[in-house]
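Work through the exercises below with the sequence and the model in view. Each task is followed by a solution in steps.

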Amino acid sequence: MRLLAFAVSFLIAFLLFSVQPMATKLVLPTLGGTPAVWNTAMFTFQFLLLLGYLYAHLLSHHMKLRWQLPAHALVVAAACQFLPMMVQLPEGEAVLTHPIAHLVTAFVTGLGLPFLCLAATAPLLQAWVSRSQHPLSRTPYVLYSASNFGSFAGLIGYVLLIEPQLDLAEQRMGWSALFISGMLLLLLTGKALRFGAVAQEPAATYAPGWREKAVWIWLAFLPSSLSLGVTTHIATDVASIPLLWVLPLSLYLLSYVDAFRSRPICVALCQRLAPLLGLVAVVCYGVSGLGITSLFILELLVFAMLALAIHGWLAKRQPPHAYLTQFYICLAVGGMLGGACNGLLAPLLLRDALEYPIMLLLASVTAFLFLRRTENPLAPLQDQLRVILGVGVTMAVCTLLSYAVQLLLDGTLSRHTLDSRVLMYAASMAGFMTLVRYRRFDAGFYSCAMVLLAMVVALSNGLVGYATLYKDRNFFGVSRVYENRATQMRYLIHDTTMHGMQSLDPAMAHRPASYYWPVKAVLAHLHAGRKYPAAAVGLGVGTVACV
């Protein structure tokens with residue numbers, strides 16, 4: 001019976017997460033491989049996950065136990081009417097005008113009810129097990145570890161095995177068959193559980209209040225937002241391919257697996273290092289944003305350790321079994337808010353992709369507070385706020401003065417020179433603030449966080465010596481037009497990729513300046529032979545027209 005419960009948890013979670021890259025791939029022909037497609041899809045799936053948890057809570061707490069299984073069977077039967085799964089966007093330009101709304105609608109209408117049934121399985125099965133004579137009735141949370149391992153297997157299995165071997169039609173049919181099999185196994189497991197004499201857990205010592213639930217939501221929110229942030233950052237700088245979409249989410253799920261084990265392996269070490277990891281990742285972000293993309297492996301490692309640390313603190317706050325479904329609802333709310341922050345709010349509120357470094361710093365501060373509270377009680381909140389405010393104001397003023405001095409002395413700075421000087425300044429100022437002004441480790445930590453955030457904001461606003469002529473952020477990323485009056489060159493940059501250069505010198509007006517210039521040799525060869533007519537379409541056509 002124990003093996004059956006683990007097998008059902010694994011299979012349902014496998015289906016739950018293998019369908020996400022599959023459904024996202026169905027919309028790629030219309031919207032392409034921009035990371036915003038994945039972020040919007042993740043928000044939608046997290047929203048459906050929350051609905052599934054809410055449904056499981058209502059079913060397990062507001063319906064008699066004997067009616068829960070038949071009621072869920074009816075919902076499963078209704079979900080089968082939407083099989084085989086299909087996600088389809090409308091035709092025309094309207095989908096490009098409002099891509100987020102059309103994406104969310106397509107996912108909900110095409111996949112909503114089957115996904116809801118899968119999402120409800122983990123809390124529903126654990127609630128049934130905790131109220132039965134099952135061997136795991138006293139420790140139902142271990143099933144959550146098995147569920148997350150199944151989710152990880154579903155993601156990696158899709159990328160490595162399913163996607164290369166099967167076309168989309170075969171994938172949809174196979175997934176539908178496994179969905180029916182998994183739902184039948186779940187119903188058979190529920191039927192086999194004996195609820196006569198419920199194994200009672202020890203009396204609850206507390207009932208979680210709104211503050212505790214807010215902590216659950218916050219600890220679930222941070223890793224969710226970080227996973228989407230690092231996905232966008234890596235996909236932008238390296239390549240926008242499904243494997244890179246899936247890697248951060250896989251690490252996110254593995255952190256849940258280890259954190260919710262009865263004996264975690266890596267959580268304690270990661271919690272010790274977590275306060276500094278976010279600061280390290282912000283440095284990596286600032287450097288890789290300047291074109292050094294080889295650091296993305298380090299960023300993934302830092303993200304995995306941060307997720308392990310934060311989920312470890314979340315697992316330690318598991319409530320009594322009576323509040324199990326409420327706990328999972330709070331986890332789903334935090335995950336959905338993370339998706340909404342990165343997929344919906346950030347593109348509307350921020351002109352630059354700053355949500356990732358901001359969340360890194362918030363994760364570091366959160367880890368710092370949890371670690372300090374565990375090992376040494378924190379100072380009163382008023383003192384902490386005074387330290388943060390004082391350090392923040394001082395760092396902001398000193399950072400602005402530093403940029404002004406550098407600009408006056410050097411005139412024009414290269415990207416890498418600017419980056420190294422700001423990092424050296426951050427380290428020296430943090431040490432100065434720690435030793436001279438406050439003489440506290442708290443102040444040194446907050447100093448580093450504030451300086452690094454100021455550095456990232458300054459770098460995102462443009463390069464010293466370059467005038468920003470245009471900046472815009474939309475569903476597909478951030479576009480900028482820079483002009484360097486010293487070299488008489490104008491640059492078009494999308495996210496971190498330069499897509500074109502234009503000389504402002506009239507003598508250079510018809511001379512290629514960017515990476516499309518080698519096409520000149522090809523066109524010259526075609527023109528000489530006069531056998532192969534050539535046409536240029538899309539990006540680079542201006543450069544091609546000059547050759």
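Two strands pair if DSSP finds at least two bridges between them. The model used here is predicted.

**Exercise 1.** Find how strand 3 and strand 4 pair, and place them in their sheet.

Solution.
1. Strand 3 covers residues 489-494 and pairs with strand 4 in the antiparallel sense over six bridges. The pairing needs at least two bridges.
2. Leu492 stands opposite Gly500, a residue of strand 4.
3. The open sheet has four strands in the order 1-2-3-4, with antiparallel pairing.
4. Strand 1 (467-474) and strand 4 (497-503) are the edge strands, each pairing on one side only.
5. From one strand to the next, the twist averages 15°.

**Exercise 2.** Check the length of helix 8 against its expected span.

Solution.
1. Helix 8 runs over residues 168-192, which is 25 residues.
2. The expected span is 1.5 Å times one less than the number of residues, so helix 8 should span 36 Å.
3. The end C-alpha atoms of helix 8 are 36 Å apart, which agrees.
4. At the start of helix 8, Asp167 has a side-chain oxygen within 3.2 Å of the backbone nitrogen of Ala169.
5. Buried residues of helix 8 include Trp175, Phe179 and Leu186.

**Exercise 3.** Classify the ring pair of Phe327 and Tyr328 as stacked, edge-to-face or tilted.

Solution.
1. The structure holds 13 aromatic pairs.
2. In the pair of Phe327 and Tyr328, the ring centres are 5.7 Å apart and the planes are at 55°.
3. Planes under 30 degrees apart count as stacked and over 60 as edge-to-face, so the pair of Phe327 and Tyr328 is tilted.
4. Phe327 and Tyr328 are both buried.
5. Ring pairs link Phe327 and Tyr328 into a cluster with Tyr53, Trp216, Tyr252, Tyr256 and Phe260.

Terms used:
Residues are numbered from 1 along each chain as its sequence is written. This is a predicted model: local features need pLDDT of at least 70, side-chain atom pairs count only at pLDDT 80 or more; totals for chains, interfaces and linings use all residues. Side-chain values use heavy atoms; hydrogens and water are left out. Rings of Phe, Tyr and Trp (its six-membered ring) pair if their centres lie within 6.5 Å; planes under 30 degrees apart count as stacked, over 60 as edge-to-face and the rest as tilted. Buried means under 20% relative accessible area, exposed over 50%, partly exposed in between (1.4 Å probe, protein chains only). Helices (H or I, at least four residues) and strands (E, at least two) are DSSP runs, numbered from the N terminus. Axes are lines fitted to C-alpha atoms, for helices over the stretch in contact, and angles run from 0 to 180 degrees between N-to-C directions. A polar contact is a pair of N or O atoms within 3.5 Å; within protein, one must be able to donate a hydrogen and the other to accept it, and residues adjacent in sequence count only if both atoms are side-chain atoms.
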